[in-house]
Amino acid sequence: MKKTILRTLLIASVAAASALVTVQVSAKTFIDDAGRSVQIPDSAQRIATLHDSVLTIPLLELGIFPVASHGRVSASGVPFIRGSKGLTGYDFDNSAIIFVGSSPIDIEKLASVKPDLIITTPWQKATLAQLETLAPTVVLDYNKRSRSEMFAAIAEITGSQAKLAILKGRYQQQISRIKRIVDTKKIKVNVLQASKGKLIVWNSYFNLGKVLRDSGFEFPELVNNIESGERVSFSAENLQELDADYLFVTYRTDKKHTPDDAIEALEAVVPNFCNFLSACKEGRMMVMPREEASSNSFTALSIIAYNVLTHISGKPYLKNN
């Protein structure tokens, strides 16, 4: 009897030790953008993302559904994942993804979904101390990483590098097509945004800027002088210095804006602005939705690449200028 009991205890001890080893092997270390060493479970099944357009959309494009996500709330009180339905087809209303608030997110609601991994950004007001009580928490800082670097980090964290490689290959094919059809080095482009009486310009405007720069287009000197990843506010006096062969302007569809809103914002900075921009006067200014131009999404990059190619190669007379 004693031998049987001892044998049973020994088997139980070995099983417990094996389980411990399994847990240790199935976790990996990731140094996040807060400088922390985070033990990430390889087989995380209940991931919560605390920034919709920067984290949730990339996760969906990598084929992984988060159990919960940060989101926005419309004027009518309906929560949504910014840009997601148009880019991935999914939102809170047609998936099992749980809305856990904006910033700060609802900690109690997040706890109720029992996440086994949380991915957040410094923008999120919920503290790390709160989040770490629920699950291993990784901080990814979009002020330190480019959009492509953010995507790569998310793929590494979730073990989705193979899927990311396919998405990158598709994008490179689209950029190669633009370069083959358009002599990009001979064409100057720029992206303008008007806000609060100023002209806002980025060195590279998110997805739109990435496609334009990866394709090899030229930019105004004023724009090239902006530090990479940064933006600058210019006054009305700088308008003509920001002109180009092709101009791109964006507007927010998630706030029910239309192209007219983007034009009105420019008019508020410079009345009759179109008269001072050759691209506008000659019909080479394109107004497009900001979600596709700014979301961290390979689908959005595809849409932008197609629009850039169509808009510019569809006006071949410029080659003769």
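## Exercises: aromatic pairs and a helix crossing

A search of the whole structure finds seven aromatic pairs (Phe, Tyr and Trp rings, the last by its six-membered ring, with centres within 6.5 Å). The model is predicted, so local features need pLDDT of at least 70 and side-chain atom pairs pLDDT 80 or more, while totals for chains, interfaces and linings use all residues. Residues are numbered from 1 along each chain as its sequence is written, and side-chain values use heavy atoms, without hydrogens or water.

**Exercise 1.** Work out how tyrosine 171 and phenylalanine 298 are arranged.

*Solution.*
- Take the geometry: the centres are 6.5 Å apart and the planes 75° apart. That is edge-to-face (planes over 60 degrees apart; under 30 is stacked, the rest tilted).
- Next, place the rings: tyrosine 171 sits in helix 7 (residues 161-181) and phenylalanine 298 in helix 13, 127 residues apart.
- Then check burial (under 20% relative accessible area, 1.4 Å probe, protein chains only): tyrosine 171 counts as buried at 3%, and phenylalanine 298 does too at 7%.
- Finally, widen the view: Phe151, Tyr171 and Phe298 form one aromatic cluster.

**Exercise 2.** Describe how helix 8 (residues 206-214) packs on helix 13 (residues 298-313).

*Solution.*
- Start with the axes (lines fitted to C-alpha atoms over the stretch in contact): they lie 9 Å apart at about 55°.
- Now list the contact (heavy atoms within 4.5 Å): Asn207, Leu208, Lys210, Val211 and Leu212 of helix 8 meet Ala300, Leu301, Ile304, Ala305 and Val308 of helix 13.

Key
Axes are lines fitted to C-alpha atoms, for helices over the stretch in contact, and angles run from 0 to 180 degrees between N-to-C directions. Helices (H or I, at least four residues) and strands (E, at least two) are DSSP runs, numbered from the N terminus. Buried means under 20% relative accessible area, exposed over 50%, partly exposed in between (1.4 Å probe, protein chains only).
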